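Work through the exercises below with the structure in view. Try each task before you read its solution.

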Amino acid sequence: MEIIGNVKSYDWGKLGERSFVAQLARANDDGLEIKDDCPYAELWMGDHVNGPATVKSDGTSLQAAIRSDPVGMIGKQTGRLPFLLKVLSIRKALSVQVHPDKIEAEKLHAKFPDIYKDPNHKPELAIALTDFQALCGFRPYAEIAELLNASPELQALLGEDILQKFATSEETAVRDAYERLMHSDQSAIERCIGSIVERTRHSEPSELRELFLRLHADFGADVGVLSIYFLNYLQLKPGQAIYLAANVPHAYLDGDCVECMACSDNVVRAGLTPKFKDVDTLLRLVSYRCAPGESMLFQPKLLRPAEQPHTRTFLPPVNDFAVSEIKLPTQVREYTLSNPANGSVLLVLGGMGRLRPDAGAPIELKFGKICFLSSKLGRELQLEVEESGEQFLAFQAMCNDFQEADG
């Protein structure tokens with residue numbers, strides 16, 4: 001069945017027609033009016049209670065459609081989709097954040113239900129559609145030490161005792177430095193950031209300098225601006241991906257991406273946001289694993305290279321979700337798509353064609369089409385691609401029932 005995604009207008013989203021989410025949402029929903037000054041940040045394609053997709057034919061929610069026929073839709077008696085598929089269009093940084101694991105999510109929800117409204121964990125995968133920037137995971141130990149040594153302002157903020165730990169290669173140095181940073185009073189943060197602004201305005205251009213000035217322009221003296229000296233700065237090309245396990249610190253900065261996650265909306269924030277900052281919880285949960293930025297890139301697999309040579313599948317080490325990218329050369333006219341027994345969500349971002357299920361009418365596909373492919377359509381669907389001069393591109397989200405998920 002064709003579904004209409006749920007549009008989210010958060011402040012950090014790209015504005016009006018410049019937002020890929022807006023372009024996609026209008027193609028998905030013919031009646032949608034795009035406003036020039038409105039931020040179109042996210043398009044949700046799932047049955048999460050905070051933004052369920054709508055069935056186009058009758059206007060019911062996808063949540064209700066699954067409840068009315070769970071066996072036909074997801075192949076089992078009861079339940080919901082364990083995954084949530086999104087597209088994001090980012091104009092300015094999202095918050096510095098972590099996602100709790102299942103045990104912590106349940107505890108936080110039970111104790112603070114008004115803040116943590118979801119008892120589920122939220123591992124997530126982001127696949128770049130355009131050049132995409134993010135902070136992700138702690139930099140290597142030596143790299144953090146080098147950046148601190150080059151910044152008299154951070155040295156003054158953190159104090160000699162913290163710097164001495166770096167000098168002696170003490171294992172807890174990164175943890176202690178980040179905790180000192182995040183617990184610094186606001187007046188000290190303002191002095192530190194203000195001094196860095198004055199110094200860097202007259203320094204040689206660099207990636208870190210430009211990032212610092214951009215975040216300062218958007219967020220002022222927010223402690224999250226200083227996280228760039230601790231967290232890896234990644235610049236992804238289209239098709240590259242990062243996987244964010246529980247407790248990995250991160251912040252998306254700029255660009256468009258397809259994102260898939262466990263069906264959850266749980267976020268612990270501590271910077272680059274006007275929203276509630278739960279610094280103590282983030283510091284209690286955050287993983288201080290230090291590793292090079294390139295180690296954060298997540299690689300897909302060709303599961304059926306002979307039958308499906310143009311389908312790359314991202315298989316996170318959780319059972320909640322997997323994502324396939326179907327990207328066909330322009331000369332390909334026929335192709336086979338797999339459809340799991342528990343259904344999937346298919347999003348078309350390029351090209352035109354039609355799916356032929358085992359039973360029922362063909363499904364027309366074009367830019368912006370979102371389909372829930374139920375279990376009753378069959379396990380393999382034949383795709384006929386029209387000659388349009390445009391490469392066929394689609395993403396398919398599903399449960400991760402593959403053997404690789406066991407790792």
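**Exercise 1.** Find the polar contact between the side chains of H99 and E124, and place both residues.

Solution.
- Step 1. The two side chains meet at 3.2 Å. A polar contact is a pair of N or O atoms within 3.5 Å; within protein, one must be able to donate a hydrogen and the other to accept it, and residues adjacent in sequence count only if both atoms are side-chain atoms.
- Step 2. H99 sits in the loop between β8 (96–98) and α4 (102–111). E124 belongs to strand β9 (residues 124–128). Helices (H or I, at least four residues) and strands (E, at least two) are DSSP runs, numbered from the N terminus.

The model is predicted: local features need pLDDT of at least 70, side-chain atom pairs count only at pLDDT 80 or more, and totals for chains, interfaces and linings use all residues. Residues are numbered from 1 along each chain as its sequence is written, and side-chain values use heavy atoms, without hydrogens and water.

**Exercise 2.** Is H99 buried or exposed? Decide for E124 too.

Solution.
- Step 1. Buried means under 20% relative accessible area, exposed over 50%, partly exposed in between (1.4 Å probe, protein chains only).
- Step 2. H99 has a relative accessible area of 1%, so H99 is buried.
- Step 3. E124 has 2%, so E124 is buried.

**Exercise 3.** Which residues does H99 contact, leaving aside neighbours within four places in sequence?

Solution.
- Step 1. Contact means heavy atoms within 4.5 Å.
- Step 2. For H99, the list is K122, E124, A246, N247, H250, N266 and V267.
- Step 3. With the same neighbours left aside, E124 has contacts including H99, H250 and Y252.
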